Number of protein chains: 2
Amino acid sequence: MKQPVPRVAVPRLTLYLQCLEDLPAGMGRISSEDLASRAGVNSAKVRKDLSYLGSYGVRGVGYDAEHLRFQIRRELGLTREWPLVIVGVGNLGRALANYGGFHEKGFRVVGIFDDDPNKVGTRVGEHRVEPVAALPDVVRERQARIGVIATPPEEAQLVAEMLAAAGVAAILNFAPTVVRVPAHVAVRRADFSTELQVLAFHLHQGTAG
Amino acid sequence: MKQPVPRVAVPRLTLYLQCLEDLPAGMGRISSEDLASRAGVNSAKVRKDLSYLGSYGVRGVGYDAEHLRFQIRRELGLTREWPLVIVGVGNLGRALANYGGFHEKGFRVVGIFDDDPNKVGTRVGEHRVEPVAALPDVVRERQARIGVIATPPEEAQLVAEMLAAAGVAAILNFAPTVVRVPAHVAVRRADFSTELQVLAFHLHQGTAG
DNA sequence: ACATGTGAAGCGCTTCACAGCG
DNA sequence: CGCTGTGAAGCGCTTCACATGT
């Protein structure tokens with residue numbers, strides 16, 4: 001029967017979701033085998049992961065692609081819209097703010113902040129940059145649940161504390177440093193150099209045993 | 001005795017490395033307990049992870065911070081420099097190219113590419129943007145081992161194939177799509193929306209059971 | 001006295017292999 | 001017949017708890 005989703009299955013569900021959205025138009029159904037090969041995992045894992053959502057496949061046939069998309073989105077909590085704020089308007093902050101897929105993926109930018117007077121008041125995407133001092137009020141008023149840190153590393157800890165104090169429940173930290181926040185706030189690192197270093201390790205293993 | 005590093009320990013080693021680099025100046029040694037609390041894991045895990053490198057701690061005392069940094073870097077293969085190329089000069093590509101920590105972290109940008117004629121020839125960081133058509137030759141000549149995809153999703157698959165054909169051994173894909181490459185090429189996704197969706201799931205769980 | 005290093009137990013995820021069902 | 005859904009076995013990682021060493 002329907003069991004709770006294991007921690008490690010969550011990123012895989014987002015992966016399947018991405019694969020389903022990249023599917024050629026007119027592909028109404030898909031087998032676990034096909035989805036597995038697109039996602040780069042084995043089919044038993046796909047079936048097991050999908051079984052955590054419920055029994056939405058048809059034996060002998062496969063899964064209805066659109067229905068499956070909806071069920072994954074439902075399980076991940078993406079059938080509502082999560083308000084988020086972005087702090088830091090460098091190239092990275094701009095790249096994030098201009099990301100086109102927010103609505104489609106279940107998110108909405110409700111504020112973007114920087115302390116550079118040359119940036120405050122300018123437009124980025126559909127938003128006007130506000131001073132960091134305005135962050136606490138904005139987070140509360142617009143009910144932001146997620147804060148994205150796109151500042152230089154020196155400012156990341158302070159921003160994390162402001163976000164936590166203002167009441168966000170989760171932080172995505174792009175700065176190459178480790179921030180400490182109260183236990184009730186979830187933090188994920190999205191660090192470029194971590195990713196590169198993991199790849200370097202694989203290459204290193206390949207060459208040096 | 002010294003065992004091979006488990007897959008899942010690799011990102012944690014990079015995390016410890018980051019914590020060690022953020023240490024207050026003049027902190028010559030550190031205990032597993034202290035490092036664990038900075039990294040947000042438990043101390044037994046730190047000790048176990050560090051034991052994969054060898055026995056570099058002193059019982060009753062702790063670890064020499066600088067020596068430990070070096071040993072982690074050695075194990076990850078960061079005592080050499082890995083040449084990489086960046087494809088796509090949008091805000092994201094620029095953010096990546098301007099990342100200041102490449103040399104310190106063990107990487108070197110040897111080329112940056114885009115197909116927009118308005119961008120080719122312009123400078124980004126210390127590099128001049130080259131046309132994507134030049135990618136295969138540049139990768140070969142400058143021995144790039146890693147390719148970073150910072151293009152729109154529509155172009156990601158083609159770029160991935162070019163990188164693989166040109167001989168990179170690893171790809172870091174920032175585009176929100178899944179790319180397929182020959183099995184001998186390692187791929188990591190670094191997708192903004194995946195990270196947000198994982199956080200959304202945690203928030204969703206917290207509120208809805 | 002104190003913190004590391006580590007066998008061993010415990011736990012959760014992966015994979016297998018096939019029963020179940022359209 | 002074909003593909004899903006799933007108990008059960010297998011595997012690898014985490015955590016414990018203490019022997020080890022300074």
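In this predicted model, A:Arg189 touches residues of both chains: leaving out anything up to four places away in sequence, the list runs to A:Asn173, A:Thr177, A:Val178 and A:Thr194 on the one hand, and B:Thr14, B:Leu15, B:Gln18 and B:Glu195 on the other. A:Arg189 sits in strand β10 of chain A, which covers residues 186–189. With a relative accessibility of 24%, A:Arg189 falls in the partly exposed class, because that class starts where buried, under 20%, leaves off. From A:Arg189 to A:Phe174 the C-alpha distance is 6.2 Å, with the two positions 15 residues apart in sequence terms.

A:Phe174 turns up again in the surroundings of A:Ile149, a residue of strand β8 (residues 146–149) of chain A. A:Ile149 is buried, and its relative accessible area is 0%. Neighbours within four places in sequence aside, A:Ile149 is in contact with A:Val87, A:Ala156, A:Val159, A:Ala160 and A:Leu163, and also with A:Ile171, A:Leu172, A:Asn173, A:Phe174 and A:Ala175. A:Asn173 is thus a contact of A:Ile149 and of A:Arg189 as well. A:Asp49, 100 residues from A:Ile149 along the chain, is 31 Å away from it, C-alpha to C-alpha. A:Phe174 also serves as a reference point for A:Pro4: these two are 170 residues apart in sequence, and their C-alpha atoms are 29 Å apart in space. A:Pro4 belongs to the segment before α1 of chain A and is exposed, at a relative accessible area of 70%.

Now for chain A as a whole. Its secondary structure consists of nine helices and ten strands, and its C-alpha trace spans about 60 × 50 × 35 Å along the principal axes. Chain A has 209 residues, 52% of which count as buried. Among contacts in chain A with a separation of 6 or more, 53% link residues 24 or more positions apart. The accessible surface of chain A is about 9,700 Å², and carbon and sulfur atoms hold 50% of that. As for charge, chain A carries 25 positive and 22 negative side chains, and 7 Å separates the centres of the two sets.

Two of the helices of chain A deserve a look as a pair. Packed helices are described by the angle between their axes and the distance between the axes. For α1 (residues 9–21) and α4 (residues 65–76) of chain A, the axes come within 10 Å and cross at roughly 145 degrees. The crossing of α1(A) and α4(A) is left-handed. On the α1(A) side, the residues that meet the partner helix are A:Val10, A:Leu13, A:Thr14, A:Tyr16, A:Leu17, A:Leu20 and A:Glu21; on the α4(A) side they are A:Ala65, A:Leu68, A:Arg69, A:Ile72, A:Arg73 and A:Leu76.

Helix α4 of chain A also holds A:Glu75. At a relative accessible area of 12%, A:Glu75 is buried, since the cut-off for that class is under 20%. Residues up to four places away in sequence aside, A:Glu75 touches A:Lys2, A:Val5, A:Tyr52 and A:Leu53, plus B:Phe201 and B:His204 from chain B. Another buried residue is A:Ser32, with a relative accessible area of 10%. A:Ser32 is part of helix α2 (residues 32–39) of chain A. Beyond its neighbours within four places in sequence, A:Ser32 is in contact with A:Ser43, A:Val46, A:Arg47 and A:Tyr63.

Backbone geometry brings in another pair of residues. Most residues other than glycine have a negative phi. A:Gln143 has a positive value, with phi near 55 degrees, and B:Gln143 likewise has a positive phi near 55 degrees. A:Gln143 lies in the loop between α7 (135–141) and β8 of chain A, while B:Gln143 lies in the loop between α7 (135–141) and β8 (146–149) of chain B. A:Gln143 counts as exposed, at 55% relative accessibility, and B:Gln143 is exposed too, at 54%.

A last residue comes from chain B: B:His103, in helix α6 (residues 102–105). B:His103 counts as exposed, with a relative accessibility of 62%. B:Leu84 is 19 residues away from B:His103 in sequence, and the distance between their C-alpha atoms is 12 Å.

Key. Residues numbered from 1 in each chain as written. Chains lettered and ligands numbered in written order. Predicted model: local features only at pLDDT ≥ 70, side-chain atom pairs only at ≥ 80, totals over all residues. Heavy atoms only, no water. Helix = DSSP H or I, 4+ residues; strand = E, 2+ residues; numbered from the N terminus. Buried < 20%, exposed > 50% of the residue type's maximum accessible area, 1.4 Å probe, protein only. Contact = heavy atoms within 4.5 Å. Areas by Shrake-Rupley, 256 points an atom, 1.4 Å probe, with all protein chains shown as cover. Lys, Arg positive; Asp, Glu negative; His and termini not counted. Charge placed at Lys NZ, Arg CZ, Asp CG, Glu CD. Axes fitted to C-alpha atoms, helices over the stretch in contact; angles between N-to-C directions. Left-handed = near helix turned anticlockwise from the far one by under 90°.
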